[in-house]
Amino acid sequence: MPSFTSLAIPALYQTSRQFAPRSMAATIRQAQFASKASKPDLVTYEEIDTLIHQDNKNVLLIDVREPGEVAQGVIPTSHHVPLANIQEALALPDKEFEARFGFKKFGKDDEVIFYCRSGRRSGLAFNLARQLGYNGARNYSGSWLDYEAKTKK
């Protein structure tokens, strides 16, 4: 009968091979490809500020806060889709989306940035959008609190 050690060592060896480090060149190539393929998932205040001042029509800014919060102030050029409606909204046909929310629905590869009050709900919206195949989705993790603090300076 084989000992425990003789059975465990080959299994450990197989498992450890899965995590063997790649060559540095392969790691660099993958990082370069990833940086060219898409923008970072997180958005900075500076990007938001530039987006607003350039009035970039190719990037949508979506506020996922509740209506009462939106009444207290918004980031200019943003559109409102409450987090509670995000999943349903992303499933709507284009014309129904536009009729319900008042702006054209974005495509799966279009850049869309979610924000909320502090970044938690926008992170949820971002994750949901990505799970549904919206590869251009990004998250302004600082959200309204960051934007408001930095614009008051």
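**Figure 1. The largest pocket of the predicted model holds about 150 Å³ of space.** Its lining is formed by Leu-51, Asp-55, Asn-56, Lys-57, Val-59, Leu-60, Leu-61, Thr-77 and His-79. Strand β1, spanning residues 59–63, contributes three residues, the largest share of this lining. Sorted by class, the lining residues of the largest pocket comprise four nonpolar, three polar and two charged.

**Figure 2. Helix α5 (residues 83–91) has Asn-85, Ile-86, Ala-89 and Leu-90 as its buried residues.** These residues lie on the same side of α5, because the arc they cover around the axis is only 130 degrees. An α-helix has 3.6 residues a turn, so residues three or four places apart point the same way. Exposed residues, namely Ala-84, Gln-87 and Ala-91, occupy the other side of α5.

**Figure 3. Elements covering the buried residues of α5 include two helices and a strand: α6 (94–101), α7 (120–131) and β3 (111–115).** The buried residues that receive this cover are Asn-85, Ile-86, Ala-89 and Leu-90.

**Figure 4. The protein chain contains eight helices and four strands.** Along the sequence, these elements succeed one another in the pattern α-α-α-β-α-β-α-α-β-α-β-α. Of the 153 residues in the protein chain, 36% are buried. When contacts between residues at least 6 apart in sequence are considered, 60% join residues at least 24 apart. The area exposed by the protein chain is about 9,900 Å², of which carbon and sulfur atoms supply 56%.

Key: Residues are numbered from 1 along each chain as its sequence is written. This is a predicted model: local features need pLDDT of at least 70, side-chain atom pairs count only at pLDDT 80 or more; totals for chains, interfaces and linings use all residues. Side-chain values use heavy atoms; hydrogens and water are left out. On a 1 Å grid over the protein atoms alone, a cavity is a set of points where a 1.4 Å probe fits but cannot get out, and a pocket is an open set with protein on both sides within 12 Å along at least five of seven lines; lining residues have an atom within 4 Å of a point. Grid points are joined across faces, edges and corners, and a volume is the space filled by probe spheres set on the points. Ala, Val, Leu, Ile, Met, Phe, Trp, Tyr, Cys and Pro count as nonpolar, Asp, Glu, Lys and Arg as charged, and the others, Gly among them, as polar. Buried means under 20% relative accessible area, exposed over 50%, partly exposed in between (1.4 Å probe, protein chains only). The arc is that of the directions from the helix axis to the C-beta atoms. Contact means heavy atoms within 4.5 Å. Accessible areas come from the Shrake-Rupley method with a 1.4 Å probe; for residues, only the protein chains shown count as cover.
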